[in-house]
Amino acid sequence: MRVTGRIGFGRGALGLLAALTLPLLVPPVVAQSTTPDIPAYIKSDVKALEPKIVAWRRDIHQHPELGNRETRTAKLVADHLKKLGLEVQTGVAHTGVVAILKGAQPGPVVALRADMDALPVTEQVELPFASKVRTTYNGQDVGVMHACGHDGHVAILMGVAELLAKRKGELRGTVKFIFQPAEEGPPEGEEGGAELMVKEGVLSKDPKPEAIFGLHLFSAGRAGTISYRSGPAMAAADSFHITVKGRQTHGAYPWAGVDPIVTASQIVMGLQTIVSRNVELIKEPAIVSVGALNSGVRNNIIPDKAEMIGTIRTFDPKMREQIHRRIKEIAENIAESQGATAEVRIDLGYPVTDNHPGLTAWAAPILEKVAGAENVSVGPKAGGAEDFSYFQQQIPGFYFWVGSTGPDVPLDKAPSNHSPLFKVDEASLLTGAEALAAVTVAYLQSH
């Protein structure tokens, strides 16, 4: 969806909301009526860095690493940041890297984040730098691939770090660079990701950032375009596990037992009524999906239990609680009505990725200056989840999407993020670097 006018203070409902609420939460830099100028050097500096950014991305793509195991990637990042003269800390949240750049003049502190981990996916894209890496993940032999663009995120932030370090004498304030491991989740039994970085004080230790920016390459958008959304932008993602216990019997004599498969099937159907009949869908969307239902070993044995797992996606905290409660009620009551029992476990995942309205209203016109107003739009809510949300729970944050599909591929046929066929048009790296540098410099210089 295109925005029909510029987004900013004094221009439309979003601008009005920001003007009314933001001064309580974000420094006065955001509460201004004009869009900050973007220094002309940003575009030229990013263009000059293009060979490096592309080379970094290809190197990282060819050597992907899973969450909490990003040792090679972290070393590449840390070595680069040290050469730039930044204060560098390694080993944060296992393999994370944090670096500090202090401008020549006093000013605010802003954080920039890039995620470093790859996915347990076997690459099927024919590229000279395609991944051939295999490893063990949760006890299984798997291929490893940057199927979600994190290689690009790292390369973009490395480029932005070099650009800003070069312009240190012109900067006001401080930039905290956060290269984060395990956004896709740590291995079973381990902590990791943004949640662990927050726990270890990445936002609370000096210098303390007052705002944070991040981006994501996204196959549903054309390279050169940017989209964003104010407020809830990506879903909270929780999972559930239901064990239905019946009584085993011969398949020819079902009346002699309690069938957990029939009971589980009724529970699956019952769960579909939560979204269609229980939650206020005109307020926010929600999803309850069963991803697996397993039971039994033979055609003529009714087993004693059935297990199902699934996902819950929500954008509203109260709806999230309501859905959790209804899953438990429906599963337990249906099971009881059949003479079975149901044990329900719900595991909390990432919170809602919630863009601060004022920060979004301030940043949107800057993105339009970078990419052109015709290439910047308000995107729909996304059912995917992002652990950038943990940073946003601590300080105001703005997270946006950069289109990554080239002109030769129809958008409706572009392989999605997490697909083994996911492919990044490298022109999107320049758009991302320019946008991230622009909002950072504008924030620092406008204070």
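**Figure 1. A salt bridge within helix 7, between Glu329 and Arg325.** In this predicted model, Glu329 forms a salt bridge with Arg325, and the closest N and O atoms of the two side chains lie 3.8 Å apart. Both residues belong to helix 7 (residues 317-337), where, because they are four residues apart, about one helical turn separates them. Glu329 counts as partly exposed, its relative accessibility being 30%, and Arg325 is likewise partly exposed, with a relative accessible area of 44%.

**Figure 2. A salt bridge between helix 2 and helix 4, and the network around Asp45 and Lys166.** Asp45 forms a salt bridge with Lys166, with 3.5 Å between the closest N and O atoms. This pair links distant parts of the chain, since Asp45 sits in helix 2 (residues 41-62) whereas Lys166 sits in helix 4 (residues 150-166), 121 residues apart. Asp45 is buried, because its relative accessible area of 6% falls under the 20% cut-off, while Lys166, with a relative accessible area of 59%, is exposed. Salt bridges with shared partners join Asp45, Lys166, Arg167 and Glu170 into one network.

**Figure 3. A salt bridge between strand 3 and a loop, formed by Arg113 and Asp387.** Arg113 forms a salt bridge with Asp387, and here the closest N and O atoms are 2.8 Å apart. Arg113 lies in strand 3 (residues 105-115), and Asp387 lies in the loop between strand 17 (376-378) and helix 9 (388-392), so the salt bridge ties together parts of the chain that are 274 residues apart in sequence. Arg113 and Asp387 are both buried. For the model as a whole, the count comes to 27 salt bridges.

**Figure 4. The packing of helix 2 against helix 3.** The axes of helix 2 and helix 3 (residues 71-83) come within 10 Å of each other and cross at roughly 160 degrees. Because angles over 145 degrees count as roughly antiparallel, helix 2 and helix 3 are described as roughly antiparallel to each other, and the crossing in which helix 2 passes helix 3 is right-handed. Where the two helices meet, Trp56, Asp59 and Ile60 in helix 2 are in contact with Arg72, Thr73, Leu76 and His80 in helix 3.

**Figure 5. Residues 1-31 and the confidence of the prediction.** Over residues 1-31 the pLDDT stays under 50, and for this stretch the model has 62 contacts beyond four places in sequence. For the protein, by contrast, the mean pLDDT is 93, and 93% of the residues reach 70 or more.

Definitions and conventions: Residues are numbered from 1 along each chain as its sequence is written. This is a predicted model: local features need pLDDT of at least 70, side-chain atom pairs count only at pLDDT 80 or more; totals for chains, interfaces and linings use all residues. Side-chain values use heavy atoms; hydrogens and water are left out. A salt bridge is a side-chain nitrogen of Lys or Arg within 4 Å of a carboxyl oxygen of Asp or Glu. Buried means under 20% relative accessible area, exposed over 50%, partly exposed in between (1.4 Å probe, protein chains only). pLDDT is the predictor's confidence in each residue, from 0 to 100. Contact means heavy atoms within 4.5 Å. Axes are lines fitted to C-alpha atoms, for helices over the stretch in contact, and angles run from 0 to 180 degrees between N-to-C directions. Angles under 35 degrees count as roughly parallel, over 145 as roughly antiparallel, 65 to 115 as roughly perpendicular and the rest as oblique. A crossing is left-handed if the near helix is turned anticlockwise from the far one by less than a right angle, and right-handed if clockwise.
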